[in-house]
Amino acid sequence: MVTSLSVPRLVVAAPSSGSGKTTVATGLMAALTRRGLSVSPHKVGPDYIDPGYHALATGRAGRNLDAYLCGPELIGPLFLHGARGCDVAVVEGVMGLYDGAAGEGELASTAQVAKLLRAPVVLVVDASSQSRSVAALVHGFVTWDPEVRIGGVILNKVASDRHEALLREALDSVGVPVLGALRRVERVDTPSRHLGLVPVAERRAAAVDAVAAMAAQVSDGCDLEALVALAHSAGPLSCAAWDAAEALLSSGGESSPERPRVAVAGGSAFTFSYAEHAELLTAAGAEVVPFDPLRDERLPEGTRGLVVGGGFPEVYAAELSANEPLRGAVAEFALGGAPVAAECAGLLYLCRELDGRPMCGVLDTSARMTGRLTLGYRDAVAVSDSVLAGAGERMRGHEFHRTVVEPGSGTGAAAPAWGVRVPERRVEGFVQQKVHASYLHTHWAAAPGVARRFVERCRTS
């Protein structure tokens with residue numbers, strides 16, 4: 001049933017990447033949580049790392065809102081699903097406010113998501129190298145799209161009280177309130193490497209300290225009452241909250257009382273996953289059991305299916321390789337005909353070797369790090385029948401890696417997984433027996449039949 005629902009919410013955006021969105025959004029989430037509010041954390045786009053910091057700040061699963069992967073029609077329902085029972089929701093944007101999927105206009109931009117959510121925007125501006133010019137910058141963002149409501153500005157990297165006064169004076173003419181001013185504080189910085197911030201799972205104690213520092217900085221420098229009041233000004237959403245069980249019903253198929261056990265890789269090496277995937281697997285009838293390939297020497301007892309998602313296996317290649325018992329168990333499981341779904345890092349783990357170190361050897365291919373970043377949304381079609389999709393089914397995905405596998409897709413006993421149209425036509429990934437391994441990160445909420453199909457294959461394996 002569709003009802004008109006109102007969840008207090010705001011979107012934290014910026015003119016460009018590097019302006020301080022993550023510091024402000026995460027700090028705001030943590031500061032409001034410490035005041036006793038139940039805060040629902042969200043991230044625009046396909047990013048997996050920021051939601052880990054959001055979860056640490058709020059104690060709730062960080063959720064992604066991606067209009068390219070899931071379609072604009074699912075943004076409201078997925079938001080309401082994540083925000084069930086919350087007092088307020090904070091949505092961190094991606095890139096610059098109006099930046100979206102390349103060549104697709106506003107699609108997947110923070111601005112589009114803000115409009116779909118009917119949410120006010122807080123613009124975080126890096127003021128480190130400007131004073132009066134900040135007014136022209138903010139005025140441009142306010143007037144570019146009248147449907148985007150910028151409800152306030154937070155000035156970041158302010159040098160001094162005098163600098164702050166000049167910025168505030170300039171912004172008086174724009175008519176957008178200044179809701180905070182943050183000084184540059186080095187201890188709030190979080191370390192980065194080749195694919196962005198270092199995930200929470202790899203630096204738990206340091207991440208806790210970083211989130212606490214962000215919360216303190218936002219609490220000291222921002223008007224929290226004004227920010228909460230702005231969140232309460234968001235309009236109602238006339239849609240129903242997404243529900244995994246209902247999504248599976250609409251995708252067809254029959255239910256079964258059998259609950260096959262699906263092992264899902266986690267730990268520091270495999271941190272990339274969407275919360276909805278486990279929810280869909282559970283709703284499809286699976287018993288989802290996590291395990292850590294860095295530490296566990298065997299798959300969970302009774303495993304019938306295996307999901308190995310994204311992460312940083314290249315960082316942990318030595319440790320993954322040293323765990324010979326688990327590598328052997330995974331190879332025996334996969335080569336014995338059991339269902340396996342592997343994404344990006346999972347693909348590398350299934351290779352014969354990674355940067356010269358032995359991996360599971362399920363696929364007759366080697367992986368290595370390169371200096372080239374492969375990044376972007378992909379429009380794909382299944383080339384081969386697999387445990388995830390039937391040939392001809394369309395899926396949207398996202399690539400984000402600095403590795404290559406050689407030989408490439410469809411070599412030896414494996415067939416290609418996907419045909420990709422953009423940025424160039426090519427085949428990608430591997431389908432071998434009941435193994436589906438690919439660089440593409442996909443969001444199963446857009447195609448819940450993927451979870452149903454995988455669980456059904458687990459029942460019959």
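**Exercise 1. A backbone turn at Cys-344**

Cys-344 sits in the loop between strand 15 (340-343) and helix 13 (345-350), where helices (H or I, at least four residues) and strands (E, at least two) are DSSP runs numbered from the N terminus. The structure is a predicted model, in which local features need pLDDT of at least 70 and side-chain atom pairs count only at pLDDT 80 or more, while totals for chains, interfaces and linings use all residues. Residues are numbered from 1 along each chain as its sequence is written, and side-chain values use heavy atoms, with hydrogens and water left out.

Your task: what is the phi of Cys-344, and is the residue buried or exposed?

*Solution.*
- Step 1: start from the background that most residues other than glycine have a negative phi, and most peptide bonds are trans.
- Step 2: read the backbone angle; phi of Cys-344 is near 55 degrees, a positive value in a residue other than glycine.
- Step 3: check the accessibility. With a relative accessible area of 5%, Cys-344 is buried (buried is under 20%, exposed over 50% and partly exposed in between, with a 1.4 Å probe and protein chains only).

**Exercise 2. Two more backbone spots**

Work out where Asp-355 lies, what its phi is, and which peptide bond is cis.

*Solution.*
- Step 1: locate Asp-355 in the loop between strand 16 (353-354) and strand 17 (357-358).
- Step 2: its phi is near 50 degrees, again positive in a residue other than glycine.
- Step 3: the relative accessible area of Asp-355 is 38%, so this residue is partly exposed.
- Step 4: now turn to the peptide bond from Glu-406 to Pro-407, which is cis with omega near -5 degrees.
- Step 5: Pro-407 belongs to the loop between strand 19 (394-406) and strand 20 (418-420).

**Exercise 3. Helix 1 against helix 2**

Describe how helix 1 and helix 2 pack, and say which residues meet.

*Solution.*
- Step 1: two packed helices are described by the angle between their axes and the distance between the axes.
- Step 2: helix 1 (residues 21-34) and helix 2 (residues 49-58) make an angle of about 20 degrees, and their axes are 8 Å apart. Axes are lines fitted to C-alpha atoms, for helices over the stretch in contact, and angles run from 0 to 180 degrees between N-to-C directions.
- Step 3: classify the pair; helix 1 and helix 2 are therefore roughly parallel (under 35 degrees is roughly parallel, over 145 roughly antiparallel, 65 to 115 roughly perpendicular and the rest oblique).
- Step 4: the crossing of helix 1 and helix 2 is right-handed, meaning that the near helix is turned clockwise from the far one by less than a right angle, and left-handed if anticlockwise.
- Step 5: on the helix 1 side, Thr-22, Thr-26, Met-29, Ala-30 and Thr-33 meet Asp-50, Tyr-53, His-54, Ala-57 and Thr-58 of helix 2 (contact means heavy atoms within 4.5 Å).
- Step 6: sort these by class to get four nonpolar, five polar and one charged. Here Ala, Val, Leu, Ile, Met, Phe, Trp, Tyr, Cys and Pro count as nonpolar, Asp, Glu, Lys and Arg as charged, and the others, Gly among them, as polar.

**Exercise 4. Helix 5 against helix 6**

Repeat the analysis for helix 5 and helix 6: at what angle do their axes cross?

*Solution.*
- Step 1: the axes of helix 5 and helix 6 (residues 161-171) cross at roughly 45 degrees and come within 8 Å.
- Step 2: helix 5 and helix 6 are therefore oblique to each other, and their crossing is right-handed.
- Step 3: Val-134, Ala-135 and Val-138 of helix 5 make the contact with Leu-167, Ala-170 and Leu-171 of helix 6.
- Step 4: the class count for helix 5 with helix 6 is six nonpolar, no polar and no charged residues.

**Exercise 5. Aromatic pairs**

How many aromatic pairs does the whole structure hold, and what parts of the chain does the pair of Tyr-48 and Phe-272 link?

*Solution.*
- Step 1: the search finds seven aromatic pairs (rings of Phe, Tyr and Trp, with its six-membered ring, pair if their centres lie within 6.5 Å; planes under 30 degrees apart are stacked, over 60 edge-to-face and the rest tilted).
- Step 2: Tyr-48 and Phe-272 have ring centres 4.9 Å apart and planes at 5 degrees, so they are stacked.
- Step 3: Tyr-48 is in the loop between strand 3 (39-44) and helix 2, and Phe-272 in the loop between strand 12 (261-265) and helix 10 (275-283), 224 residues apart.
- Step 4: Tyr-48 and Phe-272 are both buried, and ring pairs link them with Tyr-274 and Phe-312 into a cluster.
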